[in-house]
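This report looks at how nonpolar side chains gather and how strands pair in one protein chain. The sequence and the structure are shown first.

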Amino acid sequence: MKRFGKAVAVAAAVLVFFAGCASNSGMDSGADSSKKEKKAKEKKSKDSKKKGGFDAEAFNEAYAARDYDTCIALLSEKNAGAVLNGLDTAMLEYMKSDYMTSAKDFVQLQQDMQQLTADMSAGKVMEAALIGENSVEYVGNTYERIFAYSMKAVNALKMGETDRAVGVFNEYTGNYKAEIADLVAQQKEIAAQSESAVDDPKVASAIDALGAIGMNVNIGEMTANKPSSSDEMYDASAFLAYLGTLTYLANDDAQHAEDFAGVLASTGSAIDVSEDLNIADGMGRLDVIALTDVIGKRSEGAVEGSLGEVLPASNINVVYKIAYPTFEPQNHAINVAKVTLSNGEAKDFVLIEDFDEAVKKDVAQKASGAFGRSVFRNVVKNSAAVVGSYAALKAASEQVQKASNPVQQKAAEKAYEAAVVGLNVALEAVVDMEKADVRQAAFFPNKASATGFTVEPGTYTVTVEYTNGKTDVIENVAVKAGKPTVVVSECMN
């Protein structure tokens, strides 16, 4: 694909129409929006006073009711980092049909993530080996950065501003594509260094220290269920390539449209853009995109075991918990069924991209390194807790055995019990603090699907049907000869 740095002049915009699956009214009126925002602020204030901080229960209730204003207000209380909160907020703005605000949010997010890229050094990430997975600032996964570009373009199309969408792809082609390649290389370097965390000298020293007091740590046993490492990373989006193809075609730029069509073909997506690239003389093209459900979530995997007993008959068992991210198959309730035009033509949809695959790739690429860092923390922290308390614990145990009268016996037993309690608290803290990093943006779509019609120029009504019974009726879709008109519909909640 050819690269260029500045956006080129563009032709007149092709209008794109939208109506959401929850209603056909489009964007909220100013008065309705103000009422919702006031209600959201009042609820946010009430919940914050009542519980303090982020109220997950209230958020889930508001989301189920499609009260996205309240969701956005509550989200500002969530201590998840600026980038993660920003990603979720931008998608919630999109879901409530505030495309201008969503677009601005994504532009700012892109800048924020680019500024944070410099902090994604192997040294910074390896700090997690000492503290915890969530200690590293959230900078956005590679796939989230690519999805942000797709949503910037979608928001532009929602507003009927093809020239703005073209600018998004000019920016991607001229600058960000190379940055993504650099980011992918950097992530692989970080993963390789994380893999070696188990071989760090601090681990060997900790094992030796535990061995000196009679505890034998079997690293082979601890790492027996380590996830396989993967070099495969999400670095190309079929959805982004599909949007780029149609956007450039709508702007009469066949060269760049073909470039993006080549990228689309390389992803292996089943969607076919050949009819868009070769529209019959005198005919137009109507392409319908459907975004469904929300993206699948990573979860925590854990391996638990024991390093052994601190002292014979002490009943102080040193347990470990090795935590790492996993991805399990998701049960998505919403999909798109078919689309019908007012001229009677009807078609099924073809899957462009399943975004769960991006999460799976990201988890597979990061799980092994996270596992290694978790082993590091378990061994080093447990060793520090045990070795630091061992002398006092052993001395207290010996005093119990040596006590020559009831008074000494009682005092020795209390001293021993206090030593046991202190060590157990420290050991429990090691396990309690061991958590996998499952942070990710929660409201990107699960799937993008599309289909297209070669039709005579004119005005059409588009009816999109979803598997959950919702129907989206999009009226007054104007199709011009020789270029595609893009309609975007969604049912994500």
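## Nonpolar cores

A nonpolar core is here a set of buried Ala, Val, Leu, Ile, Met, Phe, Trp, Tyr and Cys residues joined through side-chain atoms within 4.5 Å, where buried means under 20% relative accessible area. In this predicted model, the largest such core has 79 residues, and L92 and Y94 are those with the most contacts inside it. The element that gives the most to this core is helix α7, spanning residues 142-158, with 10 residues. A second core, separate from it, has 38 residues, among them L210, V217, V375 and Y416.

Once its neighbours within four places in sequence are set aside, Y94 is in contact with Y99, S102, M151, V154, N155, K158, L291, V488, E490 and M492.

## The sheet with mixed pairing

One open sheet is made of 4 strands in the order β6-β7-β1-β10, and its pairing is mixed. At the edges are β6 (350-354) and β10 (484-491), each of which pairs on one side only, and the twist from one strand to the next averages 20 degrees.

Strands β1 (residues 284-294) and β7 (residues 445-455) run antiparallel and are joined by 10 bridges; D287 has G452 in β7 as its bridge partner.

## The antiparallel sheet

Another open sheet of 4 strands follows the order β5-β4-β8-β9 with antiparallel pairing. Its edge strands, β5 (346-348) and β9 (471-479), each have a single partner strand, so one side of each is left without a neighbour in the sheet.

Strand β8 (residues 458-466) pairs with β9 in the antiparallel sense over 7 bridges, and the bridge partner of Y460 in β9 is V477.

Technical notes
Residues are numbered from 1 along each chain as its sequence is written. This is a predicted model: local features need pLDDT of at least 70, side-chain atom pairs count only at pLDDT 80 or more; totals for chains, interfaces and linings use all residues. Side-chain values use heavy atoms; hydrogens and water are left out. Buried means under 20% relative accessible area, exposed over 50%, partly exposed in between (1.4 Å probe, protein chains only). Helices (H or I, at least four residues) and strands (E, at least two) are DSSP runs, numbered from the N terminus. Contact means heavy atoms within 4.5 Å. Two strands pair if DSSP finds at least two bridges between them. Axes are lines fitted to C-alpha atoms, for helices over the stretch in contact, and angles run from 0 to 180 degrees between N-to-C directions.
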